[in-house]
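Reader: I've just opened this one and could use a friendly tour. Can we go through it together?

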Amino acid sequence: MASSIVKGILQAHFICVGTIVVISHILAGFWTIQVLQLLGLSLPLLLVVIPLGNWVSTRIDSRTMVRYIYDLLIVFGCLLLYKTL
C-alpha cells in the first residue's frame, strides 16, 4: 500500500515538474534540432526503463525504496551544488 502511494506521488511530481521544464525551455527558445534528436533517441528507452522500474519496485521493501529515493535526491542535490561552484 505504502509503495503504491509513494509511486503515485513520484509520478505526479515528475509529470508536473517535467511539464513545467518543457514549457519553460520552449518559451526560452532552448529547443533545437539536436534536442529533438536526443528526445527521439531517449523515448524508446522508456519502453525498457518503465517496466524495469516497476519490476524492481515490486521486489524492494517500500521503506528501502524510499531510502534509495532519498539517497539519490541527496546525491543529485550535491551534484547540482558541485556544478555551481
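What follows is a short run of questions and answers about this structure.

Reader: Before we dig in, what kind of model is this?

Author: Good thing to settle at the start. Everything below is computed from the atoms of a model that is predicted.

Reader: Okay, which element gives the most to the nonpolar patch?

Author: The patch covers about 970 Å² of surface, and its members include Val22, Phe30, Trp31 and Leu43. Two elements give two or more residues to the patch: α1 (2–28) and α2 (33–59). The top giver, with seven residues, is α2.

Reader: And where is isoleucine 26 found?

Author: Ile26 is one of the residues that make the nonpolar patch. As for its place in the chain, isoleucine 26 belongs to helix α1.

Reader: Let's stay with α2 for a second. Where does α2 bend?

Author: Start with the length: α2 has 27 residues and spans 40 Å from first C-alpha to last, close to the 39 Å expected at 1.5 Å a residue. Even so, there is a bend of about 35 degrees in α2. The residue at that bend is leucine 45.

Reader: I see some cysteines. How many disulfides does the structure hold?

Author: A disulfide is a covalent bond linking the sulfur atoms of two cysteines. Cysteine 16 is partly exposed at a relative accessible area of 48%, and cysteine 78 is partly exposed too, at 46%. For a disulfide, a pair of cysteine sulfur atoms has to be within 2.5 Å. The number of disulfides here is zero.

Reader: What about charges: which residue meets arginine 67 in a salt bridge?

Author: The count comes to one salt bridge. In it, a side-chain N to O distance of 3.5 Å joins arginine 67 to its partner, and that fits the rule because the cut-off is 4 Å. The partner is aspartate 71.

Reader: How are aspartate 71 and arginine 67 separated along helix α3?

Author: Both sit in helix α3 (residues 62–84), four residues apart. Arginine 67 counts as exposed at 53% relative accessibility, while aspartate 71 is partly exposed at 28%. Since they are four residues apart in a helix, the separation is about one helical turn.

Reader: Is isoleucine 15 buried or exposed?

Author: Isoleucine 15 lies in helix α1, and its C-alpha is 14 Å from that of isoleucine 50, 35 residues away along the chain. Its relative accessibility is 58%, and the cut-off for this class is over 50%. So isoleucine 15 counts as exposed.

Reader: Last one: how many Å apart in space are glycine 18 and threonine 64?

Author: Glycine 18 is in helix α1 and is partly exposed, at 29% relative accessibility. In sequence, glycine 18 and threonine 64 are 46 residues apart. From C-alpha to C-alpha, the distance is 25 Å.

Technical notes. Residues numbered from 1 in each chain as written. Predicted model: local features only at pLDDT ≥ 70, side-chain atom pairs only at ≥ 80, totals over all residues. Heavy atoms only, no water. Patch = residues over 30% accessible without salt bridge, like charges linked within 9 Å, V, L, I, M, F, W, Y side chains within 5 Å. Areas by Shrake-Rupley, 256 points an atom, 1.4 Å probe, with all protein chains shown as cover. Buried < 20%, exposed > 50% of the residue type's maximum accessible area, 1.4 Å probe, protein only. Expected span 1.5 Å × (residues − 1). Bend = angle between axes of the 7 residues up to and from the residue.
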